[in-house]
Amino acid sequence: MDDHFEKNALSWGEGGAAWLKSIPKVIKKYESRWSIKVLPPYTLSFNYVAPVQRADGSMAVLKMIYPGDLEFKSEIKALEYFKGNGIVKLLEVDEKDAIILLEHIAPGKPLSSLDNDDQATKIIAKVIKKLQEKSSTANNFVSINDWVSEIPKYKQGFLGEQAPLPTLLVNKAEILFKQLIATSAKPILVHGDLHHDNILQSNKSGWLAIDPKGVSAEPAYEVAAMIRNPYEKLKDIPDLAPLLRRRITILSEELEIDPQRILDWCFAQTMLSAVWSVGGVKGPEHALRVAETLDTLAL
């Protein structure tokens with residue numbers, strides 16, 4: 001298996017090591033139960049994902065997640081909720097073994113492969129509208145309030161120490177979150193991590209989202225994850241301001257949302273991403289760079 005995948009799995013400790021060892025046995029079990037043939041996996045990161053051939057000859061995708069990952073249940077609930085409306089279809093599931101079978105998206109080209117950023121931003125807006133077409137209440141899903149609690153935890157962890165993120169920006173994000181939540185429209189179920197690499201091209205259905213977090217938030221929140229992506233493109237752009245300003249303008253026009261509210265959500269969520277990334281493999285530098293640009297952006 002991929003060294004990066006093994007390293008990530010082992011970060012769960014003994015449970016992760018046991019899970020790694022169990023993967024071949026679990027695959028064999030579900031090959032029999034679901035009448036599938038599991039093919040060599042895709043490039044792996046945190047989850048075991050592989051194409052499969054079903055009994056009728058059609059293709060699907062097997063996804064195995066470390067059973068201790070609490071986001072797995074939320075992903076299942078979100079996929080069941082959206083029912084393939086703007087998102088990949090859930091075909092089979094077994095929560096005990098943390099394994100699901102998904103629709104195969106062909107050709108499966110990620111939105112990040114598009115060179116035209118305006119076009120990509122408009123496609124994201126269309127996917128957002130599709131996801132929100134039938135979305136209403138989001139009971140029993142994690143809320144933005146839950147996520148924001150990570151900011152005071154971060155601040156508490158660096159009391160008396162040299163903080164890795166600018167305190168002024170962290171404080172601004174915390175205050176902005178409170179203001180945005182207090183003035184939010186009725187919360188619905190949103191994807192929660194809708195960016196260029198989580199949108200794939202389908203010959204049958206256009207562009208489809210994958211890997212939902214499943215979050216209860218106002219509709220405008222959905223724009224926040226895309227603003228700092230895709231990393232490989234943004235990291236090579238010396239001045240991000242014109243690109244980010246253009247994206248916000250397009251999103252505002254396509255979704256009929258106040259551009260300042262889009263900017264505020266993007267800044268606050270990007271700083272939250274930086275907080276999450278402290279001590280992580282990638283680190284917070286990219287998110288912080290985007291947040292600093294957003295902080296000084298004039299619309």
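This passage describes the packing of helices 4, 6 and 7 and the surroundings of two residues in a predicted model. Residues are numbered from 1 along each chain as its sequence is written, and side-chain values use heavy atoms, with hydrogens and water left out. Because the model is predicted, local features need pLDDT of at least 70 and side-chain atom pairs count only at pLDDT 80 or more, whereas totals for chains, interfaces and linings use all residues.

Helices (DSSP runs of H or I, at least four residues) are numbered from the N terminus, as are strands (E, at least two). The axes of helix 6 (residues 150-157) and helix 7 (residues 167-182) come within 10 Å and cross at roughly 155°; axes are lines fitted to C-alpha atoms, for helices over the stretch in contact, and angles run from 0 to 180 degrees between N-to-C directions. That angle makes helix 6 roughly antiparallel (over 145 degrees) to helix 7. At the interface, Ile151, Pro152, Tyr154 and Lys155 of helix 6 meet Val170, Asn171, Glu174 and Phe177 of helix 7, contact being heavy atoms within 4.5 Å. By class, this contact has five nonpolar, one polar and two charged residues, where Ala, Val, Leu, Ile, Met, Phe, Trp, Tyr, Cys and Pro count as nonpolar, Asp, Glu, Lys and Arg as charged, and the others, Gly among them, as polar.

Helix 7 has 16 residues, which should span 22 Å at 1.5 Å a residue, and its end C-alpha atoms are 23 Å apart, in agreement; the expected span is 1.5 Å times one less than the number of residues. Its buried residues (under 20% relative accessible area, 1.4 Å probe, protein chains only) are Leu169, Val170, Ala173, Glu174, Leu176, Phe177 and Leu180. They pack against helix 5 (144-148), helix 6, helix 10 (259-277) and helix 11 (285-295).

Helix 4 (residues 117-132) also has 16 residues and reaches 23 Å from its first C-alpha to its last, close to the expected 22 Å. Among its buried residues are Asp117, Thr121, Ile124 and Leu131. The buried residues of helix 4 pack against helix 3 (71-82), strand 9 (199-202), strand 10 (206-209), helix 8 and helix 9 (241-255).

Tyrosine 231 lies in helix 8 (residues 231-234) and, with a relative accessible area of 40%, is partly exposed (from 20% to 50%). Histidine 286, in helix 11, counts as buried at 17% relative accessibility. These two residues are 55 apart in sequence and 7.7 Å apart in space, C-alpha to C-alpha. Leaving aside neighbours within four places in sequence, histidine 286 is in contact with Arg228, Tyr231 and Leu234.

Terms used. Parallel < 35°, antiparallel > 145°, perpendicular 65-115°, else oblique.
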